[in-house]
Amino acid sequence: MTKEIVARLKKIVGKEYVMDKLEDRICYSFDATFRDSCPDVVVKPANTEEIVKVLQLAHQHGIPVTAMGAATGNSGGAVPLGKGICLGLTRLNRILKIDVENRMAIVEPGVITDDFANAVLRTGLLFYPPDPASSKISTIGGNIVECAGGPRGVKYGITRDYVLGLEVVLSDGRVVEVGNQVDGDMCGPDWTMLFVGSEGTLGIVTKMFLRLAERPEAKQTILAVYDRLDDAANTVSTIIKSGTIPTTLEIMDNQTIRVVEDYLKAGLPVEADAVLLIEVDGSKVEVERQKEHVINVCRKCGASDVQVAVTNEDIDRLWLARRSISPACGKVSPTKFAEDTTVPRSKVPEMLRKAREIADKHGIKMLLFGHAGDGNLHPNIMTDRHNHAEMEKVELAVKDLFRAALELGGTLSGEHGIGYMKAPFLKWELGEVGFEAGQKVKAALDPAHLLNPGKMFTA
Amino acid sequence: MKKKNDDQLLQEAREKVSQCDRCGTCLTVCPLFGVQDVEKVSARGKNTITRALAEGGLKPTADVLAAANFCLLCQTCVTNCPNKIKTDEAMINVRQYLMDCTGGASAKYRAVGWMMKNRGMIKFAAGMLSLLRKSGLNRLFPHGMAPEEYTRTHFLTAFAGPAALGQQTVTADVPLTATTKVAYFQGCGMKMMFPEAAAETVEILKTKTQLLVKDNVCCGIPHLAHGLREDFLSLTKENVALYEEADIIVTDCASCGGALKHAASYFTDDPEWKDRVAAFSLKVMDLTEYLVKTGYMPRRKVDATLTYHDPCHLVRGQGVKNQPRELLSATGKFIEMKEADTCCGGAGSFHMDYPDISKKIIEKKQANIEKTGASIVVTGCPGCLIQLNKAAKASGGKFKAMHISQVI
């Protein structure tokens with residue numbers, strides 16, 4: 001990175017928004033995964049026009065550009081492996097419009113997910129369903145390019161399902177608007193979806209048109225306790241095929257329950273082999289019906305105990321337990337591999353069985369939990385990255401997990417994205433032809449391979 | 001010059017931050033990150049810098065020191081962190097290491113440190129401030145360091161009204177016995193800037209006990225925070241020796257209380273002082289802790305709406321949250337403000353080092369105070385009181401700022 005380039009960047013975005021000192025740059029060399037790669041310079045533009053100029057300059061000089069939001073990703077999507085420019089997007093943090101009549105909103109990528117969700121709630125009528133665990137910190141832009149999910153995915157889908165259109169700056173600095181603000185638009189192929197989950201490898205998303213959902217009138221939270229993990233897993237698909245789609249349907253295995261209980265002392269049933277945390281929402285009448293139905297199915301499938309959370313404190317306590325899994329894991333071991341292998345809902349019991357077999361086979365510690373309702377499981381492998389012998393076993397176990405998920409018709413990632421962590425396995429899922437097609441798309445949009453190198457099709 | 005245990009301090013700091021998962025929970029809770037969205041400001045960034053220094057990837061420079069200094073030590077990140085990473089303690093170590101590597105503490109900190117080590121100088125400064133206040137010249141001082149005091153007399157004139165005495169108050173759970181020797185620890189900030197409030201503290205304590213008043217030295221927190229660790233250790237020893245006869249040591253300064261209660265942890269590898277300092281630390285209580293424990297009844301009920309600002313070193317540093325609120329609820333109409341436990345941006349000398357940033361933080365606090373409609377914002381730390389006085393002034397008289405001992 002020459003002094004001249006840095007000077008020109010300063011001219012574009014202003015001196016205080018260009019950081020080239022080492023102590024600044026190392027703070028932008030990571031996300032929530034474990035690998036670091038220090039960018040040559042950090043640039044924090046304020047708007048689309050500045051991003052256009054930065055990309056034009058980068059294009060002219062062949063400098064790699066990696067976009068970053070709050071750097072909370074779990075697959076390494078924002079780690080600037082190609083060095084060059086780290087493009088911090090947190091200054092683009094305006095909610096431009098919340099349109100109740102048309103049930104849509106226009107936001108910039110640096111808006112924090114919860115800030116946006118809360119702004120939508122204040123309309124009283126609508127809500128924004130995607131609820132990734134990091135929503136207090138993560139940015140909407142990051143959610144879109146990693147295609148984040150969350151517990152509510154069972155009923156409401158994931159971030160992808162709420163993107164109507166995007167404004168994107170391409171690698172040479174030209175701006176394109178894909179999709180549009182109209183729900184139900186379908187003019188040509190769905191270009192928008194090309195950029196959702198693209199991790200900034202195809203363009204820099206600078207504006208989003210998002211769909212909003214109707215806010216449900218009531219909800220109920222239920223905890224079902226099982227002596228056998230298998231019974232809990234069977235409950236998941238039975239509930240849905242017999243007529244109720246819960247808002248959330250979370251599973252925690254015995255090891256997970258114990259780790260959380262150690263951390264939180266919330267009074268969880270530590271003897272249980274598994275629990276399901278189920279929430280239903282809708283009109284008051286509808287919620288009552290769904291609740292009865294869920295309780296019946298849980299009992300029929302072998303639940304030893306079914307509790308309905310009555311008070312707000314009870315509900316909060318249950319959700320706190322769920323949200324505490326990740327932090328509780330930090331207490332168990334220094335490095336965690338948070339996987340998000342996803343299978344068709346009907347295959348959840350089989351996938352859980354296989355995951356346990358894999359953990360036993362390699363002799364590693366693996367917690368099993370996740371959004372079972374949409375088949376999105378989180379086998380979390382607990383290890384220490386400085387223990388090389390164990391890390392080798394972990395790598396083999398991860399491969400086995402991916403293979404098992406794909407064999408069951410599933411996918412490598414339900415919500416964390418590909419990043420550097422899953423890029424080596426992308427071909428397994430897409431096949432040779434699919435992968436080559438992806439490379440061609442990448443080459444068409446970013447022929448010089450400047451955007452987020454080392455990820456997705458250029459790993 | 002680098003000292004022999006500096007590397008050990010740095011390794012300790014690295015150990016403290018080693019469990020950082022980089023999840024980012026600390027970003028949105030950091031008051032400084034809230035006004036300056038730059039990663040090295042956040043705890044996650046500071047942990048990264050600590051690791052890089054310890055692993056040799058980053059050289060100790062004045063710029064890195066500036067990054068370590070840009071921290072309120074308010075512990076909000078620690079409380080919110082899933083792994084409870086003590087970034088504040090790591091920063092204290094890193095500051096010491098960097099100051100020694102880059103040529104010792106700056107002249108400014110050394111000068112302030114020297115003054116605060118010295119009983120005579122503290123008294124002299126206190127005398128000067130009182131003169132300045134009387135002459136009205138205090139308004140010329142920058143950073144609100146010579147604040148006007150809103151005294152209990154002012155307060156009672158405005159709010160006492162005809163309210164009856166002896167109304168419902170807090171109840172004691174563990175009455176201390178009649179023979180318990182209670183001593184007062186007077187912080188430099190209270191002595192220099194808020195002598196009226198300190199006098200109220202003494203008066204309150206005297207209603208409860210035969211108070212021992214000692215001529216203590218500084219608690220040493222300003223020294224510890226700015227790379228003058230040796231001074232902190234020697235001041236602590238002096239105070240420990242001075243208070244050996246006391247059973248309980250009460251202070252009305254959150255920062256002093258925090259420093260004294262935690263002093264023991266800095267002597268664990270000193271065979272001569274380890275036990276003495278540990279015994280000392282265990283005797284320390286905040287004024288409000290002591291008062292609630294002894295069932296103190298506010299001297300009179302007032303017809304004022306009160307709100308409370310939690311000093312970082314009291315709420316997070318010592319876990320004292322309910323006691324001040326109980327006392328205030330028994331005194332007047334208490335209203336909780338939003339984000340009561342968010343740092344006021346004072347943080348020792350931070351508000352003088354970074355006045356612009358500090359101003360942005362106190363402006364948020366001011367807005368939260370104004371929203372309660374309270375006529376008095378109460379706190380238990382002279383550092384906070386300086387900031388809150390600025391807010392009170394900026395509010396154009398909507399509220400006043402007072403130390404808790406002036407109110408109850």
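In this predicted model, strand E2 (residues 41-43) and strand E4 (residues 85-88) of chain A run alongside each other in the parallel sense, joined over three bridges. To find one of these links, look at Val43(A): its bridge partner in E4(A) is Leu87(A).

Now widen your view a little. E2 and E4 belong to an open sheet of four strands in chain A, with the order E1-E2-E4-E3 and mixed pairing. At the edges sit strand E1 (18-19) and strand E3 (65-68) of chain A, each of which pairs on one side only. Helix H3 (residues 48-61) of chain A lies across E2, E3 and E4 of that chain, and its direction makes an angle of about 170° with E4(A).

Next, follow chain A along to helix H4 (residues 113-121). Which residues of this helix are buried? They are Thr113(A), Phe116(A), Ala117(A), Ala119(A) and Val120(A). If you look down the axis of H4(A), these buried residues fall within an arc of 160°, so they line one face of the helix. Several elements of chain A help to cover them, including strand E5 (95-99), strand E6 (104-107), strand E7 (126-127), helix H5 (140-146) and strand E10 (204-211).

Let us move on to a single residue, Lys265(A). You can find Lys265(A) in the loop between helix H9 (254-264) and strand E14 (274-282) of chain A. Is Lys265(A) buried or exposed? Its relative accessibility is 62%, so Lys265(A) counts as exposed. The side chain of Lys265(A) still has a partner, reaching the backbone oxygen of Asp262(A) at 2.7 Å. Asp446(A), by contrast, is 181 residues from Lys265(A) along the chain, and the C-alpha atoms of the two are separated by 51 Å.

Finally, let us turn to the cysteines. A disulfide is a covalent bond between the sulfur atoms of two cysteines. How many disulfides does the structure hold? Over all chains there are zero. Cys253(B) is in no disulfide, and the nearest cysteine sulfur, that of Cys256(B), is 3.5 Å away, while the cut-off for a disulfide is a sulfur pair within 2.5 Å. With a relative accessible area of 5%, Cys253(B) is buried.

Why does Cys101(B) form no bond with Cys27(A)? The sulfur of Cys27(A) is the closest cysteine sulfur to that of Cys101(B), but the two are 19 Å apart, which is too far for a bond. As for its surroundings, Cys101(B) counts as partly exposed because its relative accessibility is 26%.

Conventions:
Residues are numbered from 1 along each chain as its sequence is written. Chains are lettered from A and ligands numbered from 1 in the order in which they are written. This is a predicted model: local features need pLDDT of at least 70, side-chain atom pairs count only at pLDDT 80 or more; totals for chains, interfaces and linings use all residues. Side-chain values use heavy atoms; hydrogens and water are left out. Buried means under 20% relative accessible area, exposed over 50%, partly exposed in between (1.4 Å probe, protein chains only). Helices (H or I, at least four residues) and strands (E, at least two) are DSSP runs, numbered from the N terminus. The arc is that of the directions from the helix axis to the C-beta atoms. Contact means heavy atoms within 4.5 Å. Two strands pair if DSSP finds at least two bridges between them. Axes are lines fitted to C-alpha atoms, for helices over the stretch in contact, and angles run from 0 to 180 degrees between N-to-C directions. A polar contact is a pair of N or O atoms within 3.5 Å; within protein, one must be able to donate a hydrogen and the other to accept it, and residues adjacent in sequence count only if both atoms are side-chain atoms.
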